[in-house]
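Me: I'd like to learn how to read a structure like this one. Could you walk me through it, one feature at a time?

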Amino acid sequence: MSHSSSANVAATLKSLPADMELVLKVIPLPADVNANGDIFGGWVLSRMDQAGGIAGVERAHGRVVTITVDAMKFIRPVRVGDVLEVYTLVESVGRTSMKIHVEAWARRFETQIHEKVTDANFTFVAIDANGKPRPIPPA
């Protein structure tokens, strides 16, 4: 590895979200590509929803459902062989709902280079066994 690519890797690794929790790592497969050869945006969104749901269940101590996804912008493509890493941060908790910031990063195939591919703010509501909103317990 040349000095310049070492510096680029170091700079890229420093930009990983240190204040967020790594919740999910997954490798997209050839079946997950669109006509351009990139991974479907919906596939990435689904993994982000899954990671946000895991974080929500842990914080709410029980079932949660997604009610909104705000401000999602696809920054870079994800390709077959990349490792998609999904990070979460519970930003706020109300009586029955919580906002969770979710970022998706690609570790590029056969490298240690990480690139942010998208992020979004998800809102989840804690629900009881009947699907009705329930209070989120204190932290």
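Reply: Sure, let's start with one residue: arginine 108 is buried, with a relative accessible area of 10%. Keep in mind that this is a predicted model.

Me: What does arginine 108 meet in a salt bridge?

Reply: Its side chain meets that of glutamate 115, at 2.7 Å from N to O. Salt bridges that share partners tie Arg76, Asp82, Arg108 and Glu115 into one network. Glutamate 115 itself is partly exposed, at 25% relative accessibility.

Me: How do I get from 25% to "partly exposed" for glutamate 115?

Reply: Use the cut-offs: buried is under 20% relative accessible area, exposed is over 50%, and partly exposed is in between. Glutamate 115 has 25%, so it lands in the middle class. Arginine 108, with 10%, is under the 20% limit and therefore counts as buried.

Me: How many salt bridges turn up in the whole structure?

Reply: A search finds six. One of them pairs arginine 107 with glutamate 85, where the closest N and O atoms are 3.6 Å apart. That pair links distant parts of the chain, since arginine 107 sits in strand 4 and glutamate 85 in strand 3, 22 residues apart. Glutamate 85 is buried at 3% relative accessible area, while arginine 107 is partly exposed at 21%.

Me: And which residue forms a salt bridge with lysine 116?

Reply: That's glutamate 103, again with 3.6 Å between the closest N and O atoms. Here too distant parts of the chain are linked: glutamate 103 is in strand 4 and lysine 116 in strand 5 (residues 114-126), 13 residues apart. Glutamate 103 counts as buried at 10% relative accessibility, and lysine 116 as partly exposed at 21%.

Me: You keep mentioning strands. What is the order of elements along the chain?

Reply: From the N terminus on, it runs α-β-α-β-β-β-β. That gives two helices and five strands.

Me: How do the strands pair up?

Reply: As a general idea, side chains in a regular strand alternate between the two faces of the sheet. In this model, strand 3 (residues 83-93) and strand 4 (residues 97-107) run antiparallel and are joined by ten bridges. The two form a hairpin with three residues between them. One of the bridge partnerships is serine 92 with lysine 99 in strand 4. Strand 3 also runs antiparallel to strand 1, with five bridges joining them.

Me: Which residue in strand 3 is the bridge partner of lysine 25?

Reply: Glutamate 85. Lysine 25 belongs to strand 1 (residues 21-26). Leaving out residues up to four places away in sequence, lysine 25 touches Val83, Leu84, Glu85 and Arg107. It's a nice example of sequence versus space: lysine 25 and alanine 106 are 81 residues apart in sequence, yet 9.6 Å apart C-alpha to C-alpha.

Me: What about aromatic rings?

Reply: A pair of rings is described by the distance of the centres and the angle of the planes. The search finds one aromatic pair in the whole structure. Phenylalanine 122 and phenylalanine 124 are stacked, 6.0 Å centre to centre with 10 degrees between the planes. Both are buried.

Me: Last one: how confident is the predictor?

Reply: The chain averages a pLDDT of 91, and 90% of the residues score at least 70. Be careful with residues 1-7, where pLDDT stays under 50 and the model has two contacts beyond four places in sequence.

Definitions and conventions:
Residues are numbered from 1 along each chain as its sequence is written. This is a predicted model: local features need pLDDT of at least 70, side-chain atom pairs count only at pLDDT 80 or more; totals for chains, interfaces and linings use all residues. Side-chain values use heavy atoms; hydrogens and water are left out. Helices (H or I, at least four residues) and strands (E, at least two) are DSSP runs, numbered from the N terminus. Rings of Phe, Tyr and Trp (its six-membered ring) pair if their centres lie within 6.5 Å; planes under 30 degrees apart count as stacked, over 60 as edge-to-face and the rest as tilted. Buried means under 20% relative accessible area, exposed over 50%, partly exposed in between (1.4 Å probe, protein chains only). Contact means heavy atoms within 4.5 Å. Two strands pair if DSSP finds at least two bridges between them. pLDDT is the predictor's confidence in each residue, from 0 to 100. A salt bridge is a side-chain nitrogen of Lys or Arg within 4 Å of a carboxyl oxygen of Asp or Glu.
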